[in-house]
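The following note sets out points for a colleague who has the coordinates open. It moves from single residues to the chain as a whole.

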Amino acid sequence: MTSFLDPLISFVSVHAWLAYLTLFLAALLEAVPVVGSVIPGSTIILALSALVPGGELKLQWVLLAAALGAVIGDGSAYWLGHRQQRKILNTWPLTNYPRVVEESETFFHRFGTWAVFFARFVPPIRAFVPITAGALGMEPARFYAVNIPAILVWAPAHVLPGVLAVSAFHQYFGVPHEGHPFKHMWILTVVAVAIVIGVTVWIYRRRNGGTVAEAKPRA
């Protein structure tokens, strides 16, 4: 696996703009209803954060790409719901996911305005709450007053763990960033943990009668 990651890291070093674009798209697509429930945006962001300490990527641009993608993704979903109102929740493809729509509405009614903040940290509801907030008539000023601060917390929370972990390792052991395998270890660990958690949640929800991302059976 290291033999695969080395060329990838070298490619990112030369074409950093593609990594920033990937981060932007990962954050944006994670906010798209249905799509966001299967796109591993958080995993991508956490994994690529390991490339900041070695200089392959710049921290400020990683944070900006992730935050900007999230703002545009959440905002687009919100305005779609705001324009269409409740009928959007009864339109394809949302009609194939009645459970997650119901949970998003329950989440929104339970926490009110703060649902927009909390949902940013709760996949896969994160992909449904912005459009639900718009569909249920939440005012734009209230939405952005909570959504933007949430994203400004969410982005560092996903980027800094990798940056700090890799930096602390290099500082503690006194080894150079270039060519050292710990960044590989971080990337592989993040991906492995994401896969294990995803499979575990899927099995648990299947055994308990469904999942928030489960499609409604078709006739």
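**Notes on the model**

1. His-158 is a residue of helix 8. The structure under review is a predicted model. The relative accessible area of His-158 is 13%, so the residue counts as buried. Its side chain comes to 3.0 Å from the backbone oxygen of Trp-154. Leaving aside residues up to four places away in sequence, His-158 touches Ser-42, Ile-45, Leu-46 and Ser-49.

2. Which residues of helix 3 are buried? They are Gly-41, Ser-42, Thr-43, Ile-45, Ala-47 and Leu-48. Helix 3 spans residues 41-48 and is mostly covered, with six of its eight residues buried. Two of the buried residues of the helix, Ser-42 and Ile-45, are also among those that His-158 touches.

3. The largest nonpolar core consists of 27 residues. Within this core, the most contacts belong to Tyr-20, Leu-23, Ile-45, Leu-57, Val-62 and Trp-154. At least two core residues come from each of helix 2 (16-29), helix 3, helix 4 (59-84), helix 8 (140-173) and helix 9 (182-207). Helix 2 makes the largest contribution, with seven residues. Another core lies apart from this one; it has 14 residues, including Tyr-78, Phe-107, Val-129 and Phe-143.

4. Trp-154 deserves a separate remark. It is one of the residues with the most contacts inside the largest nonpolar core, and its backbone oxygen is reached by the side chain of His-158. In addition, the charged end of Arg-120 sits over the ring of Trp-154, at 4.6 Å from the ring centre.

5. Arg-120 also appears in the surroundings of Ile-151, which is a residue of helix 8. With a relative accessible area of 1%, against a limit of 20% for burial, Ile-151 is buried. Residues up to four places away in sequence aside, Ile-151 touches Ala-67, Ala-70, Val-71, Asp-74, Arg-120 and Pro-156. The C-alpha atoms of Ile-151 and Phe-121 are separated by 9.4 Å, and the two residues are 30 residues apart along the chain.

6. Is Leu-160 buried or partly exposed? Leu-160 is placed in helix 8 and counts as partly exposed, because its relative accessibility is 31%. A separation of 9.5 Å is found between the C-alpha atoms of Leu-160 and Val-52, residues that lie 108 residues apart along the chain.

7. Ten aromatic pairs are present in the structure. One of them joins Tyr-78 and Trp-79: the ring centres are 5.4 Å apart and the planes stand at 75 degrees, so the pair is edge-to-face. Where do the two residues stand in terms of accessibility? Tyr-78 is buried at 0% relative accessibility, whereas Trp-79 is partly exposed, with a relative accessible area of 36%. Tyr-78 is also among the residues of the 14-residue core.

8. One aromatic cluster is formed by Phe-107, Phe-111, Trp-114, Phe-117, Phe-118 and Phe-121. Phe-107 belongs to the 14-residue core as well, and Phe-121 is the residue whose C-alpha atom lies 9.4 Å from that of Ile-151.

9. Thr-113 occupies the loop between helix 5 (98-111) and helix 6 (114-119). Although placed in a loop, Thr-113 is buried, with a relative accessible area of 19%. The threshold for burial is under 20%, so the classification of Thr-113 at 19% should be read with that cut-off in mind. Not counting residues up to four places away in sequence, Thr-113 touches Met-138, Arg-142 and Val-146.

10. As for the chain as a whole, its secondary structure comprises nine helices and zero strands, and the pattern along the sequence is α-α-α-α-α-α-α-α-α. The chain has 219 residues, of which 44% count as buried. Among contacts with a separation of 6 or more, 76% are between residues 24 or more positions apart. The chain exposes about 11,500 Å², and carbon and sulfur atoms supply 68% of that area.

Technical notes
Residues are numbered from 1 along each chain as its sequence is written. This is a predicted model: local features need pLDDT of at least 70, side-chain atom pairs count only at pLDDT 80 or more; totals for chains, interfaces and linings use all residues. Side-chain values use heavy atoms; hydrogens and water are left out. Buried means under 20% relative accessible area, exposed over 50%, partly exposed in between (1.4 Å probe, protein chains only). Helices (H or I, at least four residues) and strands (E, at least two) are DSSP runs, numbered from the N terminus. A nonpolar core is a set of buried Ala, Val, Leu, Ile, Met, Phe, Trp, Tyr and Cys residues joined through side-chain atoms within 4.5 Å. A polar contact is a pair of N or O atoms within 3.5 Å; within protein, one must be able to donate a hydrogen and the other to accept it, and residues adjacent in sequence count only if both atoms are side-chain atoms. Contact means heavy atoms within 4.5 Å. Accessible areas come from the Shrake-Rupley method with a 1.4 Å probe; for residues, only the protein chains shown count as cover. Rings of Phe, Tyr and Trp (its six-membered ring) pair if their centres lie within 6.5 Å; planes under 30 degrees apart count as stacked, over 60 as edge-to-face and the rest as tilted. A charge sits over a ring if NZ of Lys or CZ of Arg is within 6 Å of the ring centre and within 35 degrees of the ring normal.
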